[in-house]
Amino acid sequence: MYKELPKLVMFREIGQDSVIIKLSDIIREFDTGNYDKTDLVGRIYEQIHELLKIATDYGFDRNLWQDYITFVIVTNENPFSLTCERQGINCGSVNGFAVRDMMVFNRLFNYDFSKLEKELEIDCFSIITDYKSIQKRLQIYNRSVSERVRELSERIRCNLEDKTDETEAASNTLKLVTDFYRDYGVGMIGLNKAFRIDDDVNFIPISNSDDIHLSDLIGYEIQKNKLKDNTEAFLAGCPANNVLLFGDAGTGKSTSVKALISEYYKDGLRMIELYKHQMKHLSAVISRVKSRNYKFIIYMDDLSFEEEETEYKYLKAVIEGGLETRPDNVLIYATSNRRNLIRETWNDINDIQLDKHHSDTVQEKLSLVSRFGMTIGYIRPDKKLFDEIVKGIAQRYPEIGLSEEELIKEATKWEISHGGMSGRVAKQYIDYIVAIHSS
């Protein structure tokens, strides 16, 4: 293994802390014959532990080593892989280096650990290459990553079984990999649906998001259709607007936006959640994604600003007015309980002239909303729609066992004491009923 890794050219930056590098160092020491057996075995188990953690995070199964090698390939962002993501593979001398790199990965893919196991009297590699994982809830691991990596791993395995010529096998592996880059992308941005950022503007995948669809939101058909039409135009490369969803709490604004990920992930849509205190990083986030082969929605939930807060100016500059134009692959979707986003004071409403430029200050605040090309209003449901929402959600839980009349009667009592009629209150009521009937 340690003899193969230095031959990598295009995929050279694997990371010194990766399992593959650590195991390579261990095998190099093993081959010298000058090692402490207890120490070496301990270090091997440390790497097996890390490999199992990765397998748990991404739901790998059967041959964890081969899935891991595949994972390394598809998450390696380098000039070659990023170019393949945007343009596919083209003719050129660089492909010769890429084929050689695939030859290295093919050798690692089928690496024989038997000598290591025999000499050190261990069987951990035999276990991880014939592994039966425990079925996990979807929220525990990232299903989209797991399925894609495991599918590619299986194709590489079949390719190596069918081909005896090493160069031909490497060429075929390269085609499988570059097709994967073209179809699904490279790196964590390509594989994951949604992200948040840390203070250093690193993208952190969100793997435990709910698998919801727009059809799960009962009612609000006009609002959902407007959102769908705008998003589909965006994905098709047509002109599309930044969107502000505003209105009463619990009416489905956030659910509508989150559902877009499940609806359009396969069409290349990705979502980045940004909090208000991170607004200063907005330009940096856009710079990170503007050259990628995806469409990104920057999502700001429950957005509002107090009178003294000035973070909204970062948003205004990016949406419209800054020197750098917003790239075609980025839109901003925000939700808010406030129509104007920035809280107005009595002074604003009455336009009291505390200073001679006060009206300009008011207009600056209100102009933020006008920067969103589309505003979609969500209002509290009336009694008829609220009852439909309750019945619609209840149909997903046949164990409830209440008649329709009893269900609506109890839901009415619930909403009176829990903040009024809304989709959120209806869902909370059904959750309560399900809990009672499940206990």
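In this predicted model, helix H8 spans residues 143–162 and holds both Arg 157 and Glu 161, which sit 4 residues apart, or about one turn of the helix. An α-helix has 3.6 residues a turn, so residues three or four places apart point the same way. The side chains of Arg 157 and Glu 161 indeed meet, forming a salt bridge with an N to O distance of 2.5 Å. The two partners can be told apart by their accessibility: Arg 157 is partly exposed, with a relative accessible area of 21%, whereas Glu 161 is exposed, at 56%. The cut-off for exposed is over 50%.

A similar arrangement can be found in helix H19, which runs over residues 423–438 and places Lys 427 and Asp 431 about one helical turn from each other, 4 residues apart. Here too the side chains join in a salt bridge, with 2.8 Å from N to O. Lys 427 counts as partly exposed at 31% relative accessibility, and Asp 431 is likewise partly exposed at 35%.

Salt bridges can also link separate helices. Side chains of opposite charge can pair when their charged atoms come close. Arg 107 and Glu 166 form such a bridge, and their closest N and O atoms are 2.6 Å apart. Because Arg 107 belongs to helix H5 (residues 94–109) and Glu 166 to helix H9 (residues 166–184), this pair ties together parts that are 59 residues apart in sequence. Both ends of the bridge are partly exposed: the relative accessible area is 29% for Arg 107 and 38% for Glu 166. These two residues do not stand alone, since Glu 4 and Lys 7 are linked with Arg 107 and Glu 166 in a network of salt bridges. Across the structure, 24 salt bridges are found.

Helix H3 offers another kind of picture. How many of the residues of helix H3 are buried? The count is 11 of the 11 residues, 64–74, so this helix is largely enclosed by the rest of the structure. For a residue to be buried, its relative accessible area must be under 20%. The buried residues of H3 include Leu 64, Trp 65, Tyr 68, Ile 69, Phe 71, Val 72, Ile 73 and Val 74. Gln 66, Asp 67 and Thr 70 are also among the buried residues. At the N-terminal end of H3, Asn 63 acts as a cap, with a side-chain oxygen 3.3 Å from the backbone nitrogen of Trp 65.

Technical notes:
Residues are numbered from 1 along each chain as its sequence is written. This is a predicted model: local features need pLDDT of at least 70, side-chain atom pairs count only at pLDDT 80 or more; totals for chains, interfaces and linings use all residues. Side-chain values use heavy atoms; hydrogens and water are left out. Buried means under 20% relative accessible area, exposed over 50%, partly exposed in between (1.4 Å probe, protein chains only). Helices (H or I, at least four residues) and strands (E, at least two) are DSSP runs, numbered from the N terminus. A polar contact is a pair of N or O atoms within 3.5 Å; within protein, one must be able to donate a hydrogen and the other to accept it, and residues adjacent in sequence count only if both atoms are side-chain atoms. A salt bridge is a side-chain nitrogen of Lys or Arg within 4 Å of a carboxyl oxygen of Asp or Glu.
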